[in-house]
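Visitor: Hello! Could you show me how to read a few features of a protein model?
Guide: Happily, let us look together.

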Amino acid sequence: FGIYNIGSSRPWYVYGNVVHDPGTSSSSFFWPGSDSGTSPQGPVYLYNNTFIGVPITTGQGRSGPFASASQARNNIYWSSSLSGNSSISDSDYNFSNGSTGGAHSISSGGNPFVNSSGKDFNIISTIAANLPRNKGVALSAVSSQSFGTDFEGNSRGGDGAWDMGAYEYGAGVVTTNPVIAVN
């Protein structure tokens, strides 16, 4: 599973995704490439995504780097990593249980998820130095792309600060309604 772009230098906007459970341990999310194998791709704007157990790396023998204007902000890399030419030099305000670069990023973070074994990747309510709630940075629109609402309709920064990851913590967290029996 992944995104494989070849021969394009147009902007990519990758925002608000939850990527988890790759088919194999060697499955990668990004494979930037070009026909020549060395042309920069993008720029790529990797904003407010949650990656669980997914290597983000180059592959397939066509491994051009991301363009220098690329940015990564407010992402959660849980048991995931950026490597090879997929590294984005302008990377900050990210969260990892391993290591992630950036002066405002959180490395060696605690488990931020409501129920990862049950595939609920909403973040918990706790605000702490090693957790992603209220640790993100507000993102301005890029071209015509706006990043202020998560997939569940929560406004980013609605409680005063942006969260890292695909989901903004809020009262609007989706819950399962109980089954109602009708006879």
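Guide: This is a predicted model. Let us start with a side chain: that of Arg-156 reaches the backbone oxygen of Gly-165 at 3.3 Å.

Visitor: Which other side chain does Arg-156 join in a polar contact?
Guide: That of Tyr-15, and the polar contact between the two side chains is 3.1 Å.

Visitor: Where is Arg-156 placed along the chain?
Guide: Look in the segment after strand E14 (120–123).

Visitor: Is Arg-156 buried or exposed?
Guide: Buried means under 20% relative accessible area. Arg-156 has 6%, so Arg-156 counts as buried.

Visitor: Which residues is Arg-156 in contact with, leaving aside its neighbours within four places in sequence?
Guide: Among them are Tyr-15, Asn-48, Phe-147, Trp-162 and Gly-165.

Visitor: Let us turn to Asn-48. What is its phi?
Guide: First the general idea: most residues other than glycine have a negative phi. The phi of Asn-48 is near 50°, a positive value in a residue other than glycine. Asn-48 sits in the loop between strand E5 (44–47) and strand E6 (50–52).

Visitor: Which other residue could I look at for a positive phi?
Guide: Try Ser-108, with a phi near 55°. Find Ser-108 in the loop between strand E12 (95–96) and strand E13 (113–115).

Visitor: And are these two buried or exposed?
Guide: Asn-48 is buried, with a relative accessible area of 0%. For exposed, the cut-off is over 50%. Ser-108 has 56% relative accessibility, so Ser-108 counts as exposed.

How values were computed
Residues are numbered from 1 along each chain as its sequence is written. This is a predicted model: local features need pLDDT of at least 70, side-chain atom pairs count only at pLDDT 80 or more; totals for chains, interfaces and linings use all residues. Side-chain values use heavy atoms; hydrogens and water are left out. Helices (H or I, at least four residues) and strands (E, at least two) are DSSP runs, numbered from the N terminus. Buried means under 20% relative accessible area, exposed over 50%, partly exposed in between (1.4 Å probe, protein chains only). A polar contact is a pair of N or O atoms within 3.5 Å; within protein, one must be able to donate a hydrogen and the other to accept it, and residues adjacent in sequence count only if both atoms are side-chain atoms. Contact means heavy atoms within 4.5 Å.
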